[in-house]
Amino acid sequence: MTHWKATWRVSQELSEWKRTKWERSEKRLTVPPRFQKELQVHLSRSSSTESNDSLNTSTAEVHTVAPGSSAADVNELQSRIKELLNKYSSGVRLSKMPQIYREMYWEDLSTEVLYQLENWPHVCTVDSIRGLSLTLWGHHLVVKGDQIGQVEKIHRGDPIDGFIYPAKKIPPAAKSDAEQEKASQNVTSPKADPLLKPNMETTPASLSSDFKAKVVGILLKYSNGLWAHALPKVYQDTYQVKFPEDILNNLELLSDVCVVDYVSEVPRKAILYAKPQKCIDENLNVTEKVKRHDSVKATAEQQHEESKDQYLEDITVPSLIIPSEGSVSIMVLELKNTNEVLIRYVGKEYSSAQEQMEDEMKAYYNQTSTVSSAQSLSVGQLVAVHAEEDAWLRAQIIALEDNRVKVYYVDHGFNEFVESNSVCRLQKQFRSLPFQAAKCKLAGLEAFCDDPVLVKAVESQTCFKIFAVEILEKSDTPLLVLYDTSGEDDININATCLKALYDKSLELHLQVDALYTNVRVTSVSSDGSLYCQVPSKGLSRLSEILQKLEDYFIYKQTSEYNVLLPFCGKICLFPSKGKLARVEIKIIHTRRALDVQFMDSGTVATVKVSELKEIPPQFLREVIAIPPQALKCCLADLPPNTGMWTPDAVLWLRDAVINCPEFSMKVIKQDASKGIAHIYLFAPENFPDMDRSINRQIKNADLWKHQKDVFLSVAPSGTGFTKAVGDAVPALQLPSGKLEKSFPDSGREPGSAVSTMEMPPPLPLPKPGDLMDIYVSVACHPGHFVVQPWNELNNLYALMEEMILYYSRAEEKPVTIEKNKLYAAKIGDEWYRVIIKGILRNGFLSVYELDYGKHEFVSVGKVQPLLDTFRRLPFQAITAQLAGVKNQQWSEEASIVFRNLVEKKPFVAQIQAVNDSTNSWDRKIVTFLVDTSLPHIDTWIHDFVSQSLVEFSKGD
């Protein structure tokens, strides 16, 4: 899978803000909720005699607040609620608000405040239906300035339940629902303020109830909303009457019967939703008092009585939030094409929450004494459907047919006809979980999304299986890469399915005992395997299409084909040795550097993202259709005890085959499970003499004796770095020899191969009492952890990228391994600056990462000289000890808690003491750590650790 290295972008403003914020905060004991049974902190507020008119300057309305609260307190409270809702933008259940508020701010939220939310439309958006739970109308939109959200009336007698969202964005010309309600009431109220009384020609009341009822009839059919600009055509098609176009310029004329959701400052750009039927009829009744006779009003009331059972169906279900942190898994349910793959997310807040909800539905709806079938059904209605084995599932009605109902199961993604008596109203408690069936697109397959061969391949590989995913783009239909992690190796499903588009006529299948001539060996791997090109129809076709592409790029001379979104399995073009080559991205190291495999030579190399090119769309199918022309082979009949290839054997084979223009080969057998052919390889002049084959030559050469185990005694611990040069320490020589250069510039070095600079400049350490922004890279326990300067992380990541690019392209150098010397070492897929701490048996080394503070074991073959260019940045790892706690033998539980709390996270450090040393890796600081990530509170880690120790002692 892709290995992205997290890149921290730090601005000076952020650093100063954190520093200033810490300085003005008092040191206090804070204990996260998981280490306490209950936290009750009451904030005493001074009484205020200020008038209510000053409580909120962002609206013209007067907002009632809890007794004893000052204007400053209310403003702070409103600010906190906005902040909380921005964090939980998908909505918060009102009953959970006090708990969440307490966890975020360590203060209790008064129940009285929940009733005040109706008066704060600039803070939040709520919707209540009398006698029902609160829920939300809208979609999350950014709140700017004093824009007012829509708030429906809340009654004190109703239960405090439902959801609350961030305030809804409305253009300046629009009014809040509260203002609209007042405007409607002012039409007939003789006590209304003349200044607030609206003009009869521009108010919702000026439109006829008949017209509004027709609009409502349309919107009820579109439960997910209807674009305003589409309303005229739908209206004319439905009623054969032209829609008054001028209404689109003032959609507030419809605000008493529908919700107008503006999506931009353009008045016509809005989505219309039908209001709950009860609200519609109440507003229509107001209009009747102005324009219609009582008999028409009676008709409207009759219609209300007939449709009152439907008003629940307009309650909004929260939108599904795409996971953003940690590993993400999905289950594939169905696909129409690769741009519309139906999935369900797997996890605690997704599949587990769905299972729990469906268990609760089963328990609720199987109580036949309290649950009855829905009396009136309509298209778009949300319902509960009795499925097989007493299961109850959420569904939406998509068609009605006699006594049968066609439903779409919103959590499972399929349609089905069911009997109408198996359908019940979906209760409010089962509307809080977002619909779990979602759509996604598969990256790299977009251009062929409807190809039946590809769709069939994806379907057979994915349906009803669980995959790990990489999310490349988050949108309504996110772009994903799927990985099958069930075996030893992770399989990229997107790349695997793309192979279904190969042109079968261009595939080359080697035949056992067949002889092949004019064979070219293109690559030799460290395990002795070879990649060969055999003359074929596919190879000829590849040459033709690559020549076309070269001519095209010469003609275009444009940068529009730069790769902007690299991902594993993506096929691109790369200019190599003056010609274009096809490559597949294998590993992504950083935003700039990645590993690719040349599809037609088998070579693996590290390149810059900026060097890759997209395949122009008009050539894409032709390029993809040609199978890889590099065939993986191995030499047959080598001694069975050969084991791992020695470096000498690999270098001998490379020298023997890479620079020879052609060979002949005989296929001995095919290993289909590994996709490898066992061959005999001959130079043209030696074919077919088996004794003179490459196989026999390398078999008879004395290349298979591994280096003996080496153990070197280490110098005394007091030996410093500068003395190590003069120590008589035996050296371990690595075999020298040239590797194949994958690129024309692979021999370029950013500095001298032999270092003339012993040590980088030391990293300046802060003085006791100073503050420092840091990042904790490693945490063992409070007595030992490693920090890095936050403001140097960008420089470190840039250095790491340059090391990856250089060492992956450079020739191997003969290396003399000495203890306490600096080197570059490849650990995993990255290159690190290390110091050798010990030379062990079996050719392994004990090294210390000088920038990250980790101890690792590496083989001698993964160590190279550290160039001067890479010695200019001071070593970044600083060993640290937590101040404010007694140094002791830390228990495993305390160590785990500390590690989970601080590792891989940023903090502000207040330095208590500095223990300096001539060697940077021996320097140590004693420091307090302060977590400033929460907006209104700073957490001192030593207080937390002390509290956790108390909890552990109680447990014992």
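**Strand pairing and a surface charge patch**

In the predicted model, Val519 of strand S18 has Phe663 in strand S25 as its bridge partner. This contact belongs to an antiparallel pairing in which three bridges link S18, spanning residues 515-524, to S25, spanning residues 663-671. S18 also pairs in the antiparallel sense with strand S19 (residues 530-533), here over four bridges. Within that pairing, Arg520 of S18 lies opposite Gln533 of S19. The two strands S18 and S19 constitute a hairpin, with five residues separating them. Gly528 is located in the turn of this hairpin and adopts a positive phi of about 90 degrees.

A further set of pairings involves strand S15, which comprises residues 466-473. Strand S7 (residues 328-337) runs antiparallel to S15, and four bridges join the two. Val328 is matched with Val469 of S15 as its bridge partner. S15 is likewise joined to strand S16 (residues 479-484), in this case by five bridges and again in antiparallel orientation. Here the bridge partner of Ala468 is Tyr483, a residue of S16. S15 and S16 are arranged as a hairpin, and five residues lie between the two strands.

An open sheet of three strands is also present, with antiparallel pairing and the strand order S1-S3-S2. Strands S1 (92-93) and S2 (124-125) occupy the edges of this sheet; each has a single partner strand, so one side of each remains without a neighbour in the sheet. The pairing of S2 with strand S3 (residues 163-166) is antiparallel and consists of two bridges. Thr125 has Tyr165 of S3 as its bridge partner.

With respect to surface charge, a patch of negative charge is formed on the surface by Glu388, Glu389, Asp390 and Glu416. Of these residues, Glu416 is placed in strand S12, which covers residues 415-419. Glu416 has a relative accessibility of 33% and is therefore classed as partly exposed, a category that lies between buried, under 20%, and exposed, over 50%. Glu416 thus links the description of strand S12 to that of the negative patch.

Methods. Residues are numbered from 1 along each chain as its sequence is written. This is a predicted model: local features need pLDDT of at least 70, side-chain atom pairs count only at pLDDT 80 or more; totals for chains, interfaces and linings use all residues. Side-chain values use heavy atoms; hydrogens and water are left out. Patches are made of residues with over 30% relative accessible area and no salt bridge: like charges are joined within 9 Å, nonpolar side chains (Val, Leu, Ile, Met, Phe, Trp, Tyr) within 5 Å. Accessible areas come from the Shrake-Rupley method with a 1.4 Å probe; for residues, only the protein chains shown count as cover. A salt bridge is a side-chain nitrogen of Lys or Arg within 4 Å of a carboxyl oxygen of Asp or Glu. Lys and Arg count as positive and Asp and Glu as negative; His and the chain ends are not counted. The place of a charge is taken as NZ of Lys, CZ of Arg, CG of Asp or CD of Glu. Buried means under 20% relative accessible area, exposed over 50%, partly exposed in between (1.4 Å probe, protein chains only). Two strands pair if DSSP finds at least two bridges between them.
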